[in-house]
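Reader: Hi! Could you walk me through this one before I head back to the bench?
Author: Happy to, here it is.
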Amino acid sequence: MIKAAFKMPGFTIGFILAMTFVLAALVSFFWTPFPTDIVDVPNKFQLPNRVNWLGTDHLGRDIFSMLMVGARTSIAVAVVAVGIGMGLGVPLGLAAAARKGSLLDEVIMRGNDLVFAFPALLIAILITAVFGPSAVNAIIAIGIFNIPVFARLSRGAALSLWTRDFVLSARVAGKGAVRISAEHILPNILNLLIVQGTIQFSLGILAEAALSYIGLGAQPPIPSWGRMLADSQTMASFAPHLALFPGAAIVLTVLGLNLMGDALRDLFDPKIRRGRE
Amino acid sequence: MTLLQIKNLNLSIGDTEILRDVSLTAEAGKIVAVIGESGSGKSMTAYCINQLLPRGAQVSGQVMFNGQDMLQISERELCGIRGQDIGMVFQEPMTALNPVQTIGAQVAETVLIHGAASKAEALKIARETLNRVGLPEAEFPLGRYPHELSGGQRQRVVIALAIALRPKLLIADEPTTALDVTTQAQILELLQKLVREDGMALLLISHDLGVVANVADNIAIMRRGEIVESGPVKQVFAEMNHEYTRALFAASNHVPERNAEAAEMPILKVSGLVRDYVLPRKTAFGVPPKLRAVNDVSFEVKRGESLGLVGESGCGKSTLTRAILGLDVVQSGLIEIDGQAVTAGHKVPRELRRKMQVVFQDPYGSFNPRHKVAKLVAEPFHLLDDAPKGTARRQAVEKTLIEVGMLTQDADKYIHEFSGGQRQRIAIARALIIKPELIILDEAVSALDVSIRAQILDLLAELSDRLGLSYLFISHDLSVVRAITDRVMVMKSGKIVETGETEAVFNTPKHHYTKALIDAAPVLENVR
């Protein structure tokens, strides 16, 4: 399976891109070229050079080191947020589909509508207003917004599967709704979930950037890609590299994840996989 | 007059050879039938005529239509010929019409595209054509939408679309396969009438020898991209020079040998079964109306017996199956399995459930595409309290696969690696693995080619002899039911209208509906 995945160019490129950032985040726990919490104002606005590989920001901090540490926040936020969304949303969606038309279905789906009715940013502002701004609260806010996305997707896909003959034969074999959902429905909607997962993952990174941008995400001095972008906006005219590098980091991570997601979806489909062999 | 002459036609798509040296002629006022099993290239032959070929197709040979070689002329000229001189009728009337356009607009469109008339005239032509295909103005105004019509009526609209400009050649690709027998007979009659009236040539493509035998003048039998035998119907059927013709003929009339003796004790007894569906409310606070899909049905299946259930689509066959299997809640009635009663509306206990299994119609939809065959076949083990594990489970799967004529190594393959017939064998293996006493076969052979169908029927007969199985055989196909069942029930609008010994019912039907069904069913014997 893993060998087959690396035969796909999309997966390999995506994997390398994503792993670069994960690795950077991990290494940053032990080593960065410069410390990110020490201000060195005389050394500010350096262009990329041999000492500061990607230059320095308005407080003289090394951008390369900031990106490494920022990757931690971005990746952690996205992973946990997608985890919350999938972990709660998929079971809810599957339950709603298994009991279609029942009170349970109504309660789950109307609850989803309620969450969907609020824009993600509004929920985030709501949560941070109550609990105070922090990276953890940003994670929870983005995660809650992900729940209805996965619930709706899995309910819709599961509904059409419930009418298929193979589900009927599973029922004839005496299997209950939980068992059928786990054995027959889930594997067949996995490809959709993976693709949606990578999209939500990239949206999570962007959402964290947006929250940090308006000051509700990771708080200084913890660097985050979103806050680096936010800080750089007033200086973009004379120091564009301040915005360019965190922006590029976001784009490349999202691109890598999407490439991996596409390849994984194909890999999970036995029909397509056979076609490739 | 020879209207269409195909000479030495070869077709390949990519590296695959589809047609080899196909020659065929069609004359005005005559019906040519092309018969073959799935994958024989019969539809591709039709697509070659009006050049509706998929990308990457390479054709050689000659397709002379009305003095022009269709392979040589430009796409622009082809567009003029398609619809104007060559009409086409497709298999599936449910998808061949645009659901958001009225039937009048769709028929008139063909006329308008070819610039044959003004809009008002086109609508007039559409009206006349719909009248001709048996959709009179009083009941079927031009403003009707496809969803308001039944399958047979839609197929009439599709035919009207094809003949609106009075084409010289009509190609009908399996025009009656998706229809019930009585509707099929009407559509075939209509096509014959149109050929007579307009003097057009009809190229009728079908997999069913019975359908074309009584309709066609000439016949061509195809196998693997080649025409193995052709000529006037009577002559081909009388001589049967090619072994494949003989095999096809034998398979179409195949009656498997059965020796099972029915015992007195019933394995399944159904009494007074009623199943209602709740329909959408007519007014906001009114009581929603009900549709009685199964109305007071009572019958029993004896041990070792094969009971047939015949009826047209919408008669309640499938609803009845689901009720017996305990998949749906019923409103009233009693189901007794092996002498133990299951009260209507309650769950079927596991120990009763394991006595029956089911085989569905669609060999493509009835398996989870993500699982390997070993897991698929072993699924009913869930009903056993002491289901075998590990190697014992694997051995049981392999044994059952061999029993249905598959190989042990098939257990490690995915379902998409098998053909329709093989999948149906695997479906039977899945039903057999926990050694049930009753197998419900819901149109289990309807989607298969005749030769594969004959093999599956033989397999079912052999299994019932050896294992003492009982079958409830549900089908719309009378010849299959006649071949495999001891007794038969005829169902119409949720009710059983006639029950009896199979031969007695077929030879001396009592109910007028049974008579109508048997009269409408295509019969091969008449031709010989």
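Author: We can chat about chain A and then the domains of chain B; keep in mind that this is a predicted model.

Reader: Thanks! How many helices and strands are there in chain A?
Author: Chain A has 11 helices and 0 strands. Read along the sequence, its pattern is α-α-α-α-α-α-α-α-α-α-α.

Reader: And what box do the C-alpha atoms of chain A fill?
Author: Along the principal axes, the box is roughly 75 × 50 × 30 Å.

Reader: What percentage of chain A is buried?
Author: Of the 277 residues in chain A, 46% are buried.

Reader: What about contacts between residues well separated in sequence?
Author: Take the contacts in chain A between residues at least 6 apart in sequence: 70% of them join residues at least 24 apart.

Reader: Switching over, which domains does the assignment give for chain B?
Author: Domain 1 covers 2–252, and domain 2 is made of 303–329 + 345–527. Taken over C-alpha atoms, the centres of these two domains of chain B are 33 Å apart.

Reader: How many residues does each domain of chain B give to the contact?
Author: Domain 1 of chain B gives 21 residues and domain 2 of chain B gives 18.

Reader: Which elements are on the domain 1 side?
Author: Those giving two or more residues to the side of domain 1 of chain B that touches domain 2 are helix 6 (181–198), helix 7 (209–213), helix 8 (233–239) and helix 9 (243–252) of chain B.

Reader: Nice. What classes of residue has that side?
Author: The side of domain 1 of chain B that touches domain 2 of chain B has 10 nonpolar, 7 polar and 4 charged residues.

Note on methods
Residues numbered from 1 in each chain as written. Chains lettered and ligands numbered in written order. Predicted model: local features only at pLDDT ≥ 70, side-chain atom pairs only at ≥ 80, totals over all residues. Domains from an automatic or database assignment. Contact = placed C-beta atoms within 7 Å. Helix = DSSP H or I, 4+ residues; strand = E, 2+ residues; numbered from the N terminus. Nonpolar A, V, L, I, M, F, W, Y, C, P; charged D, E, K, R; others polar. Buried ≥ 20, exposed ≤ 12 C-beta atoms within 10 Å, placed from the backbone.
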